Amino acid sequence: MQGTKGNRTGKLQKVFQQLAEDLKPEAGYFFPEGGERAGFFVVDMQESSQVAEIAERFFFGMNAKVEMTPVMNADDLQKALSGVQSTIQRYG
């Protein structure tokens, strides 16, 4: 779906509303990038299998390009760092 066409028909608003209801993002930001409409949602994924489920919503709903970047919160980072020492000893 072209963004301009979708905006004129109201589909863009409907799809974004549905995405927000389904994904319950912690935050969403929208901006121009490279001359096109762009945006990102911050979503808490419980497992990696959700990548396909989330991406397909954007593919089918908006014919969008999708990039995902996994991130950690402070608690996740502390948990991850607790295992780094043994990795350094094994591979360093």
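**Exercise 1. Find what share of the 92 residues in the protein chain is buried, and relate this to the overall form of the chain.**

Solution. Start with the term: buried means under 20% relative accessible area, exposed means over 50%, and partly exposed lies in between, with a 1.4 Å probe and protein chains only. By this rule, buried residues make up 12% of the 92 residues in the protein chain. The chain is a predicted model, in which local features need pLDDT of at least 70, side-chain atom pairs count only at pLDDT 80 or more, and totals for chains, interfaces and linings use all residues. Residues are numbered from 1 along each chain as its sequence is written, and side-chain values use heavy atoms, with hydrogens and water left out.

Next, turn to the radius of gyration, which is taken over C-alpha atoms, while the globule rule is 2.2 Å times the number of residues to the power 0.38. The protein chain has 18 Å, whereas a compact globule of 92 residues would have a value near 12 Å. Finally, the C-alpha trace spans about 60 × 30 × 20 Å along its principal axes.

**Exercise 2. List the order of the elements in the protein chain, and state which of them have the lowest and the highest mean pLDDT.**

Solution. Helices (H or I, at least four residues) and strands (E, at least two) are DSSP runs, numbered from the N terminus. The protein chain has 5 helices and 2 strands, and from the N terminus on they run α-α-β-β-α-α-α. The value pLDDT is the predictor's confidence in each residue, from 0 to 100. Its mean over the protein chain is 88, and 92% of the residues reach 70 or more. Among the elements, helix α1 (residues 3-9) has the lowest mean, 62, and β1 has the highest, 94.

**Exercise 3. Classify the ring pair of phenylalanine 16 and phenylalanine 30, and place both residues in the chain.**

Solution. Rings of Phe, Tyr and Trp (its six-membered ring) pair if their centres lie within 6.5 Å; planes under 30 degrees apart count as stacked, over 60 as edge-to-face and the rest as tilted. By this rule the count comes to 6 aromatic pairs. Phenylalanine 16 and phenylalanine 30 have ring centres 5.3 Å apart and planes at 90°, so the pair is edge-to-face. The pair links distant parts of the chain, since phenylalanine 16 belongs to helix α2 (residues 11-23) and phenylalanine 30 to strand β1 (residues 27-33), 14 residues apart. Phenylalanine 16 counts as partly exposed at 24% relative accessibility, whereas phenylalanine 30 is exposed at 52%. Ring pairs also link Phe16, Phe30, Phe41 and Phe58 into a cluster.
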